Amino acid sequence: MLEATEKIKEALKERAHDESRPFCYSDYITVEANESGEYFCPKCGSDDLMREVEGVGVEWGYEWVMEHIVETEGEKVDIEELYRDLLDEIYEPVRFGDLEYSPATVLESVDPTAFRMGANEYADSEMEDSRLIYLNGTYFRLDGITE
Ligand SMILES: [Zn+2]
């Protein structure tokens, strides 16, 4: 199940449309557009068509094509690593005399629960800003789709 803003889903669906082709399952053929640019199976006349991605498969709808694009073209994002970078960027190092620790290391060691909650909240806000796509337990960035 793919989670993202409507804006991202629309853009992904467009790309899924471009990267897949209509397919009549009963006749097992790819359907080309007719002169009017419409898609009807030349054999049975049906416009109730599946989508085909060459070398990948044939299924109903766009959702599976969208997921395939994210999985193959997306860049996996380690959200905890991003959150560590953010914490180290916005907070001063924690100092005890001569000793110095990164804020992320301190939070993660002292209160792992707070760290994980913070990372989840950060992921949510990145999702809301269309900067991440969530698919099957992994966050992704995708060129031309996420901000
Ligand atoms: Zn057909």
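How are α3 and α5 oriented to each other, roughly perpendicular or roughly parallel? They are roughly perpendicular, because their angle of about 100° falls in the 65 to 115 degree range that counts as such. Keep in mind as you explore that this is a predicted model. Let's look at its two domains, a pair of helices, a sheet and one tyrosine.

**The two domains**

- The domain assignment splits the chain into domain 1, covering 2-73, and domain 2, covering 75-141.
- Measured out over C-alpha atoms, the centres of domain 1 and domain 2 are separated by 37 Å.
- Where the domains touch, 9 residues of domain 1 are in contact with 7 residues of domain 2.
- On the domain 1 side of this contact, β1 (2-3), α1 (6-18) and α2 (63-73) each supply at least two residues.
- Of the elements on that side, α2 gives the most, with 3 residues.
- Sorted by class, the side of domain 1 that touches domain 2 has 4 nonpolar, 1 polar and 4 charged residues.

**Two helices that pack together**

- Back to the helices from the opening question: α3 spans residues 79-90 and α5 spans residues 112-128, and their axes are 9 Å apart.
- From α3, the residues Ile79, Glu80, Tyr83 and Leu86 take part in the contact.
- They meet Gly118, Ala119, Tyr122 and Ala123 in α5.
- The residues of this helix contact divide into 6 nonpolar, 1 polar and 1 charged.

**A sheet of four strands**

- You can trace an open sheet of 4 strands in the order β1-β9-β10-β6, with antiparallel pairing.
- β1 and β6 (75-77) stand at the edges with a single partner strand each, so one side of each has no neighbour in the sheet.
- In general, strands of a sheet pair through backbone hydrogen bonds.
- Here, β1 pairs with β9 (residues 133-135) in the antiparallel sense, over 2 bridges.
- To find this pairing in the structure, look for Leu2, which stands opposite Leu135 in β9.

**A closer look at Tyr25**

- Where does Tyr25 lie? Tyr25 is in the loop between β2 (21-24) and β3 (29-30).
- Tyr25 counts as partly exposed because it has 15 C-beta neighbours inside 10 Å, while a buried residue needs 20 or more and an exposed one has 12 or fewer.
- Leaving aside neighbours within four places in sequence, Tyr25 is in contact with Met50 and Val58.
- Tyr25 and Ile8 are 17 residues apart along the chain, and 29 Å separate their C-alpha atoms.

Key. Residues are numbered from 1 along each chain as its sequence is written. This is a predicted model: local features need pLDDT of at least 70, side-chain atom pairs count only at pLDDT 80 or more; totals for chains, interfaces and linings use all residues. Domain bounds come from an automatic or database domain assignment. Two residues are in contact if their C-beta atoms, placed from the backbone, lie within 7 Å. Ala, Val, Leu, Ile, Met, Phe, Trp, Tyr, Cys and Pro count as nonpolar, Asp, Glu, Lys and Arg as charged, and the others, Gly among them, as polar. Axes are lines fitted to C-alpha atoms, for helices over the stretch in contact, and angles run from 0 to 180 degrees between N-to-C directions. Two strands pair if DSSP finds at least two bridges between them.
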